[in-house]
Amino acid sequence: MSVRVRLAPSPTGNLHIGTARTAVFNWLYARRHGGQFILRIEDTDRERSSPRYTRNILAGLAWLGLDWDEGPIYQSNRIARYQAVVQQLLDQGLAYRCYVSEAELEAMRAAQKAAGKAPRYDNRHRFLTEEQRRAYEAEGRQPVIRFKIEEPMEVSWVDLIRGPITWNTQDLGGDMVIARADGYPLYNLAVVVDDIDMGITHVIRGEDHIGNTPKQILLYRALGHEPPQFAHSPLILNPEGKKLSKRDGATSVTEFQQMGFLPEALNNYLALLSWFPPDGEEIFSLEKAATMFDFDRVNRAAARFDWDKLNWINSQYIKQLSPAELVERLTPFWQAAGFDLGAVPDPTWLEDVARLIAEGIDRLTEAPPLSRFLFQEPLSYSLPALEQLRLPGVAEAMAAMAATLAAAELPQPVSADSLKLLVEEVAKSQGMKKGLLLKSLRAALTGELQGPDLMASFALLQRRGWALGRLEAVQRLVA
């Protein structure tokens with residue numbers, strides 16, 4: 001049997017991080033077994049579906065690098081097929097037209113609630129006579145189509161993650177609606193028809209769909225097909241064990257992209273949410289994970305989102321990038337910060353900036369504030385930096401540093417080691433402790449008391465022609 005799996009998001013919102021984890025699991029399973037990964041867009045909810053959400057989903061999957069083998073297939077293009085299946089079920093006596101109004105349904109639920117019972121449809125229109133149907137239609141009532149669910153009966157399956165599961169049909173809420181009054185199909189019918197037509201062998205999705213599974217199994221069998229195998233992955237919760245929400249920082253893949261995460265790192269982290277590789281490694285490509293992935297290593301317990309872990313994984317991927325690759329990833333963030341990348345001395349200068357800051361960032365968004373002093377002139381100074389520059393003797397030491405730098409014949413391109421020699425010369429001539437001089441030099445050159453390697457920063461500023469002017473500006477700052 002050739003493995004065929006599918007991702008079937010609804011375009012009623014941006015690509016959610018939970019859907020992305022489902023996509024990763026489907027992609028890994030398909031690649032592990034040499035199967036096919038199909039993308040289906042379930043857009044039959046005409047009120048809530050939007051083309052902009054479809055575009056977001058497609059762009060998010062492409063950014064993650066989760067390539068699909070077939071699709072995207074749009075349910076909205078298959079309405080006639082669903083309607084034909086509904087008619088088939090009607091003709092076979094497995095479904096019927098239900099004319100119960102919304103007001104009657106509300107009254108039914110209220111009465112059940114008052115009696116301490118779970119709300120459910122009581123199947124009252126299952127056996128309407130032709131005369132009764134004509135009377136309801138004469139009133140102008142438009143029927144929904146309900147699928148007959150026989151009770152009591154057990155529906156069982158062996159979940160690839162959770163093991164044996166049994167559901168009694170008495171707990172399914174009565175005969176279920178499979179098509180609206182306007183003829184549009186509902187989720188449970190459309191998904192079953194699609195999975196049959198597309199030859200889906202494994203349905204890998206979140207545990208929030210477990211309640212739909214017995215209904216869908218009944219539909220598969222009513223249509224003369226054995227259901228696929230099911231694997232219901234655990235939910236993703238926030239660190240407090242509650243449903244992940246925007247209050248936790250982000251919920252959509254777009255937001256993670258905007259926050260400066262690399263797609264490789266996010267994929268890596270999503271794979272680790274409930275799955276653990278046999279070799280115990282935490283940093284791996286999707287291609288490597290695909291050689292190891294299976295459901296026997298997926299935890300049944302809900303996964304808790306760990307920002308510290310994601311940040312750490314992202315930092316490891318940043319460190320693995322070459323300077324040229326990191327410049328490419330950082331360019332949109334530098335440009336968004338207003339940095340003029342066309343004014344830099346040469347392309348290697350940008351690569352040296354990337355090399356300088358790579359060790360100090362967990363996310364790409366951290367690069368602009370960390371490197372701002374290298375791109376923007378005039379320099380702005382933090383209050384602690386100004387206080388440092390106003391200490392006794394510091395202004396004189398910076399003046400000496402400026403004079404020494406102006407007179408020096410430095411090798412080109414200037415190196416951090418050659419500048420280090422100048423600093424040692426000034427420390428000796430001024431009788432100043434090297435630590436105090438270095439701290440003051442950082443304040444003068446970067447406007448901060450902390451930051452990336454000072455001598456490398458000094459060299460980059462000298463290559464831009466900004467170092468001398470910043471040293472000379474100290475006199476004006478402390479005057």
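# Briefing: helix packing, loop contacts and backbone outliers

E359 sits in the loop between helix 13 (347-357) and helix 14 (367-375). The model is a predicted one. This briefing starts from that loop residue, then turns to W68, to helices 17 and 1, and to unusual backbone geometry.

**Loop residue E359**

- The relative accessibility of E359 is 60%, so the residue counts as exposed, the cut-off being over 50%.
- E359 has a distant partner in sequence: K319 is 40 residues away along the chain.
- In space, the C-alpha atoms of E359 and K319 are separated by 6.5 Å.

**Loop residue W68**

- W68 is found in the loop between helix 2 (51-64) and strand 3 (70-74).
- W68 counts as partly exposed because its relative accessibility is 25%.
- Leaving out residues up to four places away in sequence, W68 touches F37, L39, L58 and L61.
- One of these contacts, L39, is 29 residues from W68 in sequence. The C-alpha to C-alpha distance between W68 and L39 is 6.2 Å.

**Helix 17 against helix 18**

- Helix 17 covers residues 416-430, and helix 18 covers residues 434-446. The two pack at an angle of about 120°, and their axes are 10 Å apart.
- That angle is why helix 17 is described as oblique to helix 18.
- The crossing of helix 17 past helix 18 is right-handed.
- On the helix 17 side, the contact is made by K420, V423, E424, V426 and A427. Helix 18 contributes K434, L437, L438 and L441.
- Sorted by class, the contact between helix 17 and helix 18 has six nonpolar residues, three charged residues and no polar ones.

**Helix 17: length, burial and end**

- Helix 17 has 15 residues. From its first C-alpha to its last, helix 17 reaches 21 Å, close to the 21 Å expected at 1.5 Å a residue.
- The buried residues of helix 17 are S418, L419, L422, V423, V426 and A427.
- V423, V426 and A427 are buried, and these three residues also take part in the contact with helix 18.
- The cover over the buried residues of helix 17 includes helix 16 (394-407), helix 18 and helix 19 (454-464).
- G431 follows helix 17 and has a positive phi, near 60°.

**Helix 1: length, burial and end**

- Helix 1 runs over residues 17-32, 16 residues in total. At 1.5 Å a residue, helix 1 should span 22 Å; its end C-alpha atoms are 22 Å apart, so the two values agree.
- Helix 1 is mostly covered, with 13 of its 16 residues buried.
- G34, just after helix 1, takes a positive phi of about 65°.

**Cis peptide bonds**

- Most peptide bonds are trans, and most residues other than glycine have a negative phi.
- G71 and P72 are joined by a cis peptide bond, with omega about 5°. P72 belongs to strand 3.
- Q412 and P413 are also joined by a cis peptide bond, with omega about -5°. P413 lies in the loop between helix 16 and helix 17.

**Positive phi outside glycine**

- N123 is not a glycine, yet its phi is positive, about 60°.
- N123 lies in the loop between helix 4 (102-114) and helix 5 (130-138).
- N123 is buried because its relative accessible area is 17%, under the 20% cut-off.
- Apart from residues up to four places away in sequence, N123 touches Y96, E151, G174 and D175.
- S274, a residue other than glycine, has a positive phi near 95°.
- The position of S274 is in the loop between helix 9 (263-272) and helix 10 (286-290).
- With a relative accessible area of 9%, S274 is buried.

Key: Residues are numbered from 1 along each chain as its sequence is written. This is a predicted model: local features need pLDDT of at least 70, side-chain atom pairs count only at pLDDT 80 or more; totals for chains, interfaces and linings use all residues. Side-chain values use heavy atoms; hydrogens and water are left out. Axes are lines fitted to C-alpha atoms, for helices over the stretch in contact, and angles run from 0 to 180 degrees between N-to-C directions. Helices (H or I, at least four residues) and strands (E, at least two) are DSSP runs, numbered from the N terminus. Angles under 35 degrees count as roughly parallel, over 145 as roughly antiparallel, 65 to 115 as roughly perpendicular and the rest as oblique. A crossing is left-handed if the near helix is turned anticlockwise from the far one by less than a right angle, and right-handed if clockwise. Contact means heavy atoms within 4.5 Å. Ala, Val, Leu, Ile, Met, Phe, Trp, Tyr, Cys and Pro count as nonpolar, Asp, Glu, Lys and Arg as charged, and the others, Gly among them, as polar. The expected span of a helix is 1.5 Å times one less than its number of residues. Buried means under 20% relative accessible area, exposed over 50%, partly exposed in between (1.4 Å probe, protein chains only).
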